[in-house]
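Q: I am new to this structure and should like a close look at a single part of it, set in the context of the whole.

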Amino acid sequence: MTEPRLGDEYDNMLACIRCGACLTSCPTYVLSLEEAEGPRGRVGMARAVAEGHLPVTPDLLAHELNCLVCDACSAVCPAGVHMDPLQAVFRSAVANNQRPGVAARLVRGVVFGWLFMDMRRFRAFARMLWLYQRSGARWLARHLGVLRVLRLADAETLLPEISSSFVVPHDETYATADGSPKAMAFFAGCIMSTALAAIDRATIRVLQRSGCTVSNPAGQGCCGALHAHGGDLPRALELAKRNIEAFESTDGPVVVNSAGCGAMLKDYAHHLRRDASWSERARKFSSRVVDLSQALAPAALQVHRVASQKVVYQDACHLLHAQRISRQPRDLLRAIPGVELVEIDEAGLCCGSAGVYNVTNPVESRQLQQRKVDNALKVTPDLIVTANPGCLLQLRNGLAARGSHVAVKHLAEVLDEATGP
Ligand code: SF4
Ligand code: SF4
């Protein structure tokens with residue numbers, strides 16, 4: 001595994017002209033109004049570490065790790081600073097200089113190094129969670145206070161109801177009724193293909209109904225975003241290479257239904273640009289990646305059902321900021337008769353999910369979650385739609401805590417219901 005070097009993102013750091021245009025877009029700056037909690041401060045600190053002017057103190061590390069890697073700063077930066085790869089490289093480079101505590105070592109070793117690296121293990125783990133939810137063990141754990149003792153009570157409420165059957169990519173093809181030759185390859189994901197497999201199946205059906213023959217190549221797995229943002233870029237790149245290889249035998253765009261995965265897959269080209277044997281393969285792969293909302297044309301949707309409801313579309317940071325996609329999902333929702341799309345205040349502000357941020361930074365995550373829920377409830381929607389699993393679970397959790405019955409669905413589920421027979 002190639003070790004990340006801070007110098008790999010030095011040009012990115014040097015690009016910052018310290019204009020401050022990013023400050024008011026940054027969720028952690030908006031919450032704290034502290035320079036060290038904003039993009040300009042984080043770029044400056046990373047650069048000072050890279051140049052050897054600053055040691056990596058716990059305080060500095062905390063400010064860097066409070067970053068949600070939401071890319072809201074990158075989206076408005078006039079100088080082209082890109083926070084996502086900067087954080088990925090910084091966290092990995094610094095992780096190697098630190099003496100991690102037991103919990104951090106456990107996360108890196110067991111979760112990143114073992115569980116997410118092999119989909120058979122991941123599916124076995126998801127099956128155990130399914131059993132935990134269905135067997136009464138959950139009821140016992142909650143009522144005996146076991147979760148509180150293990151400090152897992154909050155994290156456990158974020159768990160979705162695990163799907164009873166998973167999507168297991170094995171080179172199968174989902175053809176259209178008329179045998180359309182329009183080929184697309186599907187990125188199934190790790191959490192999406194297991195815990196949220198119903199959304200993966202809905203995605204495949206919607207693609208089929210819009211005239212695509214969908215292939216689901218074996219050998220694909222986790223996209224590596226959690227590793228990259230968690231300070232383990234080498235393992236993220238190992239996963240990247242496996243995914244690139246898995247999709248080389250497929251044709252057409254690589255369709256993704258998770259904003260976070262899509263942003264990571266599109267970044268493979270950047271992360272592997274200096275690897276002579278992989279740079280060209282990564283470039284080709286990343287150029288094929290499209291979000292589900294980019295793969296579908298609103299005019300071609302065969303809508304059979306009217307859905308008379310007031311709908312809020314929740315922009316996932318990794319779609320809106322990282323991939324600059326905001327119009328396409330809204331156009332698809334507007335194509336459903338009866339949908340009244342309403343916009344909310346601070347639509348571009350992160351909901352606080354951000355990978356595992358709601359577990360690692362529960363205080364800031366909750367503040368952002370409450371802010372998002374407040375803004376959404378102000379417009380009294382019937383339904384909130386998003387295109388990212390993290391936002392989906394974060395909003396469901398926030399609304400449930402308020403006793404709200406507003407439904408939260410993935411875009412693929414809404415399109416599946418509207419185009420179903
Ligand atoms: S907008 Fe870009 S150039 Fe300006 S301070 Fe922020 S990161 Fe630096
Ligand atoms: S990525 Fe998001 S949280 Fe991090 S500095 Fe940029 S705007 Fe702030």
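Which residues does V255 touch, not counting residues up to four places away in sequence?

A: In this predicted model, V255 touches M184, A185, F186, F187, L207, V290, L292 and A295, once residues up to four places away in sequence are left out of the count. V255 belongs to the largest nonpolar core, which has 117 residues; V255, L265 and C350 are the members that touch the most other members. Helix 14 (residues 233-247) gives this core its largest share, eight residues. In soluble globular proteins, nonpolar side chains tend to be buried together.

The domain assignment places these residues in a wider frame. The chain is assigned domain 1 (6-95), domain 2 (102-296) and domain 3 (298-419). Between the centres of domain 1 and domain 3, taken over C-alpha atoms, the separation is 27 Å. Their contact draws 12 residues from domain 1 and 13 residues from domain 3. On the side of domain 1 that touches domain 3, helix 2 and helix 5 each supply at least two residues. That side of domain 1 consists of seven nonpolar, three polar and two charged residues.

Helix 2 and helix 5 appear again around ligand 2. This ligand is surrounded by 14 residues, and C26, P39, C67, C70 and C73 are the closest. Two or more residues of the shell come from each of helix 2 (27-32), helix 3 (39-50) and helix 5 (72-76). By class, the shell around ligand 2 holds 10 nonpolar, two polar and two charged residues.

Ligand 1 likewise has 14 residues around it, the closest being C16, C19, C22, R40 and C77. Helix 3 provides the largest share of the shell around ligand 1, namely three residues. The classes in the shell around ligand 1 are 11 nonpolar, one polar and two charged.

A last element to examine is helix 19 (residues 327-334), in which Q328, P329, L332 and L333 are buried. These four lie on the same side of helix 19, because they cover an arc of only 135 degrees around the axis. An α-helix has 3.6 residues a turn, so residues three or four places apart point the same way. The partners against which the buried residues of helix 19 pack are helix 17 (292-295), strand 6 (309-313), strand 7 (339-342), strand 8 (383-386) and helix 23 (411-419). Helix 17 (292-295) spans positions that include L292 and A295, both touched by V255.

How values were computed: Residues are numbered from 1 along each chain as its sequence is written. Chains are lettered from A and ligands numbered from 1 in the order in which they are written. This is a predicted model: local features need pLDDT of at least 70, side-chain atom pairs count only at pLDDT 80 or more; totals for chains, interfaces and linings use all residues. A residue is near a molecule or strand if its C-beta atom, placed from the backbone, lies within 6 Å of it. Ala, Val, Leu, Ile, Met, Phe, Trp, Tyr, Cys and Pro count as nonpolar, Asp, Glu, Lys and Arg as charged, and the others, Gly among them, as polar. A residue is buried if 20 or more other C-beta atoms lie within 10 Å of its own, exposed if 12 or fewer, and partly exposed in between; C-beta atoms are placed from the backbone. The arc is that of the directions from the helix axis to the C-beta atoms. Two residues are in contact if their C-beta atoms, placed from the backbone, lie within 7 Å. A nonpolar core is a set of buried Ala, Val, Leu, Ile, Met, Phe, Trp, Tyr and Cys residues joined through C-beta atoms within 7 Å. Domain bounds come from an automatic or database domain assignment.
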